[in-house]
Amino acid sequence: MRASRFPLFTSKDTPADAEIISHQLMLRAGLIEKLGAGLYTWQPLGLRVLRRVEQAVREEMDRIGALEVLMPAVQPAELWEESGRWSFYGPELLRLKDRHDRDFCIGPTHEEVITDYARREIRSYRQLPLTFYQIQTKFRDEIRPRFGIMRAREFLMKDAYSFHLDQASLEASYQDMRSAYTRIFKRLGLRFAAVGADSGAIGGSVSEEFMVLAESGEDEILSCSHCDYAANTEVGDGRSAGDACPQCSEGAIEIHRGIEVGHIFQLGTKYSEAMEAHVLDEHGEQKPMIMGCYGIGVSRVVAAAIEQNHDDRGIVWPTPLAPFDIGLVSIGADRSSAVAEAAERLYAELRDAGFEVLWDDREARPGVKFADMELIGIPHRLVIGERGLEKGEIEYRNRGAEDNENWPLDQLIPTLLERIGSPSSSSAG
Ligand SMILES: Nc1ncnc2c1ncn2[C@@H]1O[C@H](COP(=O)(O)OP(=O)(O)O)[C@@H](O)[C@H]1O
Ligand SMILES: [Mg+2]
Ligand SMILES: [Zn+2]
C-alpha cells in the first residue's frame, strides 16, 4: 500500500478518556475509532491486525479438525428460556423485540444456538465427537465498558463448542483445544500463561484461562517459580507471594498480572440436558451429549499484544501481528526522480518477494514519516534517499533497535530474507 492512497489517521494527542497504553496507542495509531461507549470501528490499518489474529485462530482450529460455522447474532428468547438463562443472565444481555412483539437478544455467547443446532442435526454417537467454531461478533452490555476494545460492548470472539458421548472423549478434545490455544498465542509472539480458573456463570467443572502477561491486566495470577503451576487468584485459595507451591515442594508463589484472552471449559451436560440435545448410544439409548466450550477474544488479543509490546514512540508489533511487514520510506522523491524511480522499483520488488509493504510516498518531512512508522509499529523500516542511492545503499532499522544499518541496495531481497526470514503472511503455520 502507498500511504498516499492508504491514509494513516495518526494523531499526536493522547485521548483524555484512554486510561491504558493500548487504548491510547490504538486511537493514536489510527487502528480504531470510537462510535459510542464500547463501540468501535476498525479502521483499515487496525483491521489488518485483527485479520492476522483471525487467520492464526482459523488455521489452528482447522488443524484440530474443528468445523467452521457462522451463527446469527440475533437469537430467539425461547432458546434462552429453555436453558434458563433468559431470567438468569442480567442486564448484560441486550434484549429486543421484533415487529411481531417477539423477544430476542443479541448473542453474548452461543451455547443455546449451537445446542439447538446439534440436537437438530446430530442423531447417533457414531457422528461424535464433533467440534464447531465460529469467528463472530458478540454483544455484551458491559456495566463499565473500558480500555477501548479490551472491554467493549461489541467485540469479535472465536467461540467453539464440542459434542461427545462420554467424558473421555470430551477430555481428549479439551486437550486438543488447549494445544491449539497454546500454538495460537505462541505463533502470535505473545508471552502468556494458561491458568486454572473459576467456571463462573457459564457452568461446568474444569476450566482454564489463557492470560497474556501485562502489568495493566485486570486479573491476578499466581504462578510457581519452579513448576508449571498457575492459577487465577480467584481460585488460588488465598495464597500470596512467597507461599509454598501447592503442586511441587520446591517452588514459591509469584504474583503476576494478566489479560484474559482465552477461556476453555468442560461444560458437561448443562445445556444438552436442559435443551434435550440427545443422541442414541451403542445400546440404542438416548443420552444427553457432553459438551465443551472454548472462547478467544479475537479483538482483545490485539489490545493485549500492544500492552505487552510498546515503547515511548509507539507500538512494537510482534512480527506475526504487524499490519505490514515492511515500511518503506522514500525521502526527497519530489526533488529527485532517481529516488522516485528507485522507490517505485523497490516497492515492486518487495511485494514480488511476498512482503506486505507500506510505502510512505507522501510529500512529508522525514521526521513525520519516521514518527508515523514508529507509532504504528511496523517491524522493519527501509529508507531510500538521495545520498544512499548514490552510494548504492539502503538504510534498515528494526523497530526494536536503536541504530540504523546500511545494506547494499542490489542485495536487498537476499539480505532481508536472511535477516528477517520469509514474509510472515506466508510463513504462517
Ligand atoms: N467485553 C469484552 N470485550 C472484549 N473481549 C471480551 C469481552 N468479554 C469477553 N471477552 C473475550 O472473550 C473471551 C471469552 O469470553 P468469556 O470467557 O465468556 O468472558 P468472561 O470471562 O468475560 O465472562 C474472553 O476470554 C475474553 O478474551
Ligand atoms: Mg472468561
Ligand atoms: Zn511448583
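A salt bridge, for these notes, is a side-chain nitrogen of Lys or Arg within 4 Å of a carboxyl oxygen of Asp or Glu. By that rule I get 35 salt bridges.

Ground rules before I go on. This is a predicted model, so I keep to its cut-offs: local features need pLDDT of at least 70, side-chain atom pairs count only at pLDDT 80 or more, and totals for chains, interfaces and linings use all residues. Residues are numbered from 1 along each chain as its sequence is written, chains are lettered from A and ligands numbered from 1 in the order in which they are written, and side-chain values use heavy atoms, with hydrogens and water left out.

**Entry: salt bridges**

I started with Glu-59 and Arg-187, whose side chains form a salt bridge at 2.8 Å, N to O. Glu-59 sits in helix H2 (residues 44-63) and Arg-187 in helix H6 (residues 167-187), so this pair ties together parts that are 128 residues apart in sequence. For helices (H or I, at least four residues) and strands (E, at least two) I use DSSP runs, numbered from the N terminus.

Is Glu-59 buried or exposed? Neither one fully: at 29% relative accessibility I log Glu-59 as partly exposed. My scale calls a residue buried under 20% relative accessible area, exposed over 50%, and partly exposed in between (1.4 Å probe, protein chains only).

I then checked what else joins in. Glu-59, Glu-60, Arg-63, Arg-183 and Arg-187 turn out to be linked in a network of salt bridges.

Next I looked up Glu-142 and Arg-151, which meet through their side chains in a salt bridge of 3.2 Å, N to O. Glu-142 is buried at 12% relative accessibility, while Arg-151 is partly exposed at 23%.

**Entry: the Ser-4 end and Asp-360 to Arg-362**

Arg-362 and Asp-360 also make a salt bridge with their side chains, 2.8 Å from N to O. Asp-360 is buried, with 1% relative accessibility, and Arg-362 is partly exposed, with a relative accessible area of 23%.

Which residues does Ser-4 touch, leaving aside its neighbours within four places in sequence? I find Asp-361 and Arg-362 (contact means heavy atoms within 4.5 Å). Ser-4 belongs to the segment before helix H1 (21-28), and at 40% relative accessibility it counts as partly exposed. Ser-4 and Asp-361 are 357 residues apart along the chain, yet their C-alpha atoms are separated by 6.2 Å.

Their side chains are joined by a polar contact of 2.6 Å. I take a polar contact as a pair of N or O atoms within 3.5 Å; within protein, one must be able to donate a hydrogen and the other to accept it, and residues adjacent in sequence count only if both atoms are side-chain atoms.

**Entry: zinc, ligand 3**

Which residues coordinate the zinc ion (ligand 3)? I read off Cys-224 (SG), Cys-227 (SG), Cys-245 (SG) and Cys-248 (SG), at 2.2 to 2.4 Å. Donors here are N, O and S atoms within 2.8 Å of the metal (3.2 Å for Na, K and Ca); water is not among the atoms, so sites may look incomplete.

The 4 donor atoms around the zinc ion subtend angles of 104 to 112 degrees, so I file the arrangement as tetrahedral. Four donors earn that label if all angles lie between 85 and 135 degrees. Along the chain, the zinc donors follow the spacing C-x2-C-x17-C-x2-C.

Cys-227 and Cys-245, 18 residues apart, link distant parts of the chain: Cys-227 is in the loop between strand S11 (219-224) and strand S12 (230-232), Cys-245 in the loop between S12 and strand S13 (253-268). Cys-227 is partly exposed at 22%, whereas Cys-245 is buried at 7%.

**Entry: ligand 1 and magnesium**

Around ligand 1 I list 14 residues, and Arg-140, Glu-142, Ala-152, Glu-260 and His-263 come nearest. Being near means that one of a residue's heavy atoms lies within 4 Å.

For polar contacts, a backbone polar atom of Ala-152 is 2.8 Å from a nitrogen atom of ligand 1. A polar side-chain atom of Glu-260 lies 2.6 Å from an oxygen atom of ligand 1.

Glu-260 (OE) shows up again with His-263 (ND1), coordinating the magnesium ion (ligand 2) at 2.2 Å. I note Glu-260 as partly exposed at 23% relative accessibility and His-263 as buried at 12%.

Notes. Four donors count as tetrahedral if all angles lie between 85 and 135 degrees; four count as square planar and six as octahedral if opposite donors are over 155 degrees apart and all others between 65 and 115; anything else is irregular.
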